[in-house]
Amino acid sequence: MFEWIIRQFLERDKFSHTIVIFIVVFGISAYLSLPREKFPTAELDRAVISGSYAKTSNEILDRMVVRDIEDEVRSIEGIAETRTTISNGVFSIIVEINENYDRGIISDKLRDAVSKASNNLPSDMNLPTVQILEHNPKVIQVALNLKTKKFNYEYIELIRSIEEELHEINGISNISIHGDNELELRIEVDPKLLNLYGIDNRQFSLAIREISNIFPLGEIGNSQFSMFLSTEGGKKDISEIENTILKFNNFEIKLKDIAKINLIEEESSKISSVNGERAVIFDISKTEKSNAIEIAKNVRQFVENYNNKIGENKLTAILDESYSIRDRLNNVVSNIIFSIILVFLSMWLLINFKIAFIVAVGVPTSFFIAFIYFQMFGYSLNLISLLSLLIALGILVDDAIIVSENIQRHADEGATPEISAYFGSIEVIRPVTLASLTNILAFLPLLYLSGTMGMMMSMIPIGVTVLVVASYLESFLFLPLHARSLLRRGDRTTNWDFAKNIYKNILAKLIKYKLLFLIVFLLAVPYATYLSFSAVKFQLFPRTDNPIIYISGKLDPDVKLENSDQIANLISNEILKNKNELSIKNIVLTVGSSQSAVGERETGENLFNFQIELYEEKPSNFIDKYITPNLSFEYDETDKIRSIQTREIIETLNKKLAHFKHNKNIQAVRELSIYQKRMGSKVDVEIAVISTGGDILKAIDYLNNELSQIKGISSISHNGRIGTDLMTLKINRYGESLGLNESILNDVLSNLYLSSRKGSFSYQDKLFDIKIESLDREDIQNLKNSNILINGKNVILSDVVDFSLQRKLQTIDKYNFREMKSIFVNVDTKIITADEVLEIAQPHLEKLKKDGFKFEFKGEREKREDMNKDLSKATILALSLIFLVLLFAFKNFTATFLIMSVIPFSIVGAIVGHLVLDLNLTLPGLIGIFGLSGVVINDSIVMISFINEAKNHDEMLERASQRLRPIILTSLTTILGLASLMFWVSGDGKILQPIAVSLGFGLAWGTVINLFYIPAIYSFKIQK
């Protein structure tokens, strides 16, 4: 059937050429329209259940709300894991949804769970929310500078108008705004004045509720007219509220005489700044199908147009991911073009110009087919998809080389162009089909990998498969057409006779002493493999140079937002002093929240978080300096001024900011963690500590101190911190005798200290919450000495209740509903690996186990264990499929087992490649070894397909020597196609460098095995 198709394409050349033109046109169109992004979406679906209840300790919030929700969530099927964080006043439960379950169904079940668990919530607490976290990549941020330190009403309308205009830009999915704080009408009442006038604060609270609100009154009308009725919405101005007359116990008083009234930022506010100046930040994300580079370009144009208008508030585009995306994609595209040039030159040198040209012409055709496929099935152009094409580049020309080389052989034997093209093609259908199929089967089971890493790496087998299939079709449908027109008898080709003679002489010696050769080979290669594995270190993912640095800070839990802002700005000023030295482009500060290296988000007045944007690196290698500028489509060197690595900048910042941790004048700084995000596990080592009776804080401090002494630790932090004190009030016997109970106590004190909403205030068409607070809220002694009214009798609070102070943790952290505390460690992999850290920590862990502690290892250890299970299953599946295909093709176990034996023997080449280039073995490196199993046996298939017909050793030597040129060529072109990724990679491309190293070095050694080991062993089957 396929032979008939090849004949039809040869006979209908106009039809065939038209299809090629269509492929080129549609391929270029697909390439231009494909969405651009740095990485494909690689996260499991997650939902977050969050809620808040101001002025509530984390322990009470846990007992009152969280535990009930967790009990309901626990029974939902389809949840992979949960992480709960409870801080004072707020909580969040992050639910990771199993990839085999529908996120819509799970989210509905989560909402039902929250609804069931919320029956006992306080009446003034809002129902916790359930939100599915969307996979919308962030593209760029826009900062609106504020001319005043205080956020005011005028900014609200300005922010809203900017947000609306930004949403008009096509492709934007979401805009998160930071620093656009809510305003509230704060009524600060003096309890002493309430006591002086004999006003019960419960009466005062009720009076405040009645000042301003919006009530629907109904509808009035008949058949002729209809209208709705409503109250006016209360007072419209702060001065009106201040002069509101309140009536208590037959006397009247103005509100301003007993309280201060201000429209100010709410207490849960966050303060954002850029380069030391307060700002509101618009964090812009894109839709899944949109182009990040185009969106960022349109946003920058919007910023420029806005700033050209007259106004004191200006916009600044910051943290623009599109520069990095464009730079990384340009780098990969130039690598691909450079690799094509290398492959073309090598074939020109080793065969001739015509074959090199025919093969090279087919490469872009295959790429265009791949781009059309990407567009049809909704994939994007990103670092992983393009690198997968680069990995496949060397593989895809193998088919074209074998076909064109065989067509040339027929032409040299005197066949006409038509016969050469036809028979030269159909003769190699079997080995080429087998080779292509084994390549696909080697990579395809990688789709079996689960979790975020599986999702990230899924683009590799997809890209390789698409390109191999495209190359296969091009080699048999279009290449014979080109070969018929170009290849002729007598075309000058590189003479391989000398190389063939040397090869035959060496192979003849090996066959003569084949038993000795076999013994030496079977002893030496496994031993070399063992030694190389022993010498190489393992880490989950390679480190890349990320141009964003994060600094997460925690202060004493009782530090207020304004003081946190002051301290954070001292740190910001210190960083700004070194801005030029460290190649810093922008410094973005948010006070009121933080994000740890492991990705945990917290909110609190004592927290702050920096995002430090660096300039791009200067070109540092051959490809970056000479190839990318000339072979990429949109090269821009404007921001390429950084000469030091991100890792070195982090080390410098750690030294320059160290004094903030030990400064007597700034004792509030408890933690300052400097890190960069990376692919895979967010933290190298996470040791979760579970107490069965011991003091967990002492255990955490002990481990933290011991681990921090290890050389190579780049950052260490933990979540076992003492938080805000909890003062419990217990009614004593005297209080009980007066009729005081906890319900009355709640009514009396919560009105002054809980800051709960008492009503709404309408101001210039916007509604603001009205809240009451005590002017004495900062003094515990004033609380104890305050008067309260119990059944008509005024008493001092300390006379009727006993006060008890308790030290509490800053947060309650749970993993899969179990309470635990964790230590987070990141390492410099050039010095030490996560496994080595855990090995050093083992004696300390054993010591703590005796004191009643248990440990669980997350981070890289947990991810790697999951990966090992998935990769083992995928390996078994791939090898089984390859074995069955080979057995079907060769019809005997001898040839099948001989070809399969090449796979384990070639692994030593991949490991040696890592040692030569000073790389740790990583997941991508293992994936490269995995893919090597399909690539390395291609030459074995070609070799055995030819020597299988030999009747004696001399004939086998001759037939083996005929395969020398195609085997050398296919291996060399594959290696050259991977060369730029192996030796001249930079930036995020280092993520996939180990794949290229495993394939390139493994194939180089595999070529030696295929040329000598296969014929020598196969000679046992052939008579002399």
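Me: Which element gives the most to the lining of the second largest cavity?
Reply: In this predicted model, the elements that give two or more residues to the lining of the second largest cavity are α10 and β18 (601-614). Helices (H or I, at least four residues) and strands (E, at least two) are DSSP runs, numbered from the N terminus. A cavity is a set of points, on a 1 Å grid over the protein atoms alone, where a 1.4 Å probe fits but cannot get out, and its lining residues have an atom within 4 Å of a point. With 3 residues, the greatest contribution is that of α10.

Me: How many residues line the second largest cavity?
Reply: The volume of the second largest cavity is about 140 Å³, where a volume is the space filled by probe spheres set on grid points joined across faces, edges and corners. Nearest the centre of this cavity lie Asp320, Ser324, Pro547, Glu613 and Glu616. They belong to a lining whose residues number 15.

Me: Which element provides the largest share of the lining of the largest cavity?
Reply: The structure holds 8 cavities of 30 Å³ or more, and the largest encloses about 260 Å³. It is lined by 23 residues, with Asp327, Asn331, Asp624, Ser986 and Gly987 closest to its centre. Two or more lining residues come from each of α10 (321-350), α12 (383-412), β19 (616-617), α21 (622-631) and β20 (640-642). The largest share, 5 residues, belongs to α10.

Me: Within what arc do the buried residues of α22 fall, seen down the axis of the helix?
Reply: The buried residues of α22 are Thr646, Ile649, Ile650 and Leu653, buried being under 20% relative accessible area (1.4 Å probe, protein chains only). They line one face of the helix because, seen down its axis, they are confined to an arc, taken over the directions from the helix axis to the C-beta atoms. Such an arrangement fits the geometry of an α-helix, which has 3.6 residues a turn, so residues three or four places apart point the same way. For α22 the arc is 100°.

Me: Which strands are included in what covers the buried residues of α22?
Reply: The cover includes one helix, α20 (561-577), through contact, that is, heavy atoms within 4.5 Å. Also included are the strands β16 (548-555), β18, β20 and β21.

Me: What is the C-alpha to C-alpha distance in space between Asn546 and Ser324?
Reply: Asn546 lies in the loop between α19 (514-535) and β16, and counts as buried because its relative accessibility is 17%. Setting aside residues up to four places away in sequence, Asn546 touches Leu614, Thr646, Gln676 and Lys677. In sequence, Asn546 and Ser324 are 222 residues apart, whereas their C-alpha to C-alpha separation in space is 9.4 Å.

Me: Is Ala207 buried or exposed?
Reply: Ala207 lies in helix α7 (residues 201-209). Apart from residues up to four places away in sequence, Ala207 touches Leu246 and Phe248. Since its relative accessible area is 16%, Ala207 is buried.

Me: How far apart in space, C-alpha to C-alpha, are Ala207 and Ser115?
Reply: Residues are numbered from 1 along each chain as its sequence is written, and by that numbering Ala207 and Ser115 are 92 residues apart in sequence. As this is a predicted model, local features need pLDDT of at least 70, side-chain atom pairs count only at pLDDT 80 or more, and totals for chains, interfaces and linings use all residues, while side-chain values use heavy atoms, leaving out hydrogens and water. The separation of Ala207 and Ser115 in space, C-alpha to C-alpha, is 32 Å.

Key
On a 1 Å grid over the protein atoms alone, a cavity is a set of points where a 1.4 Å probe fits but cannot get out, and a pocket is an open set with protein on both sides within 12 Å along at least five of seven lines; lining residues have an atom within 4 Å of a point. Buried means under 20% relative accessible area, exposed over 50%, partly exposed in between (1.4 Å probe, protein chains only).
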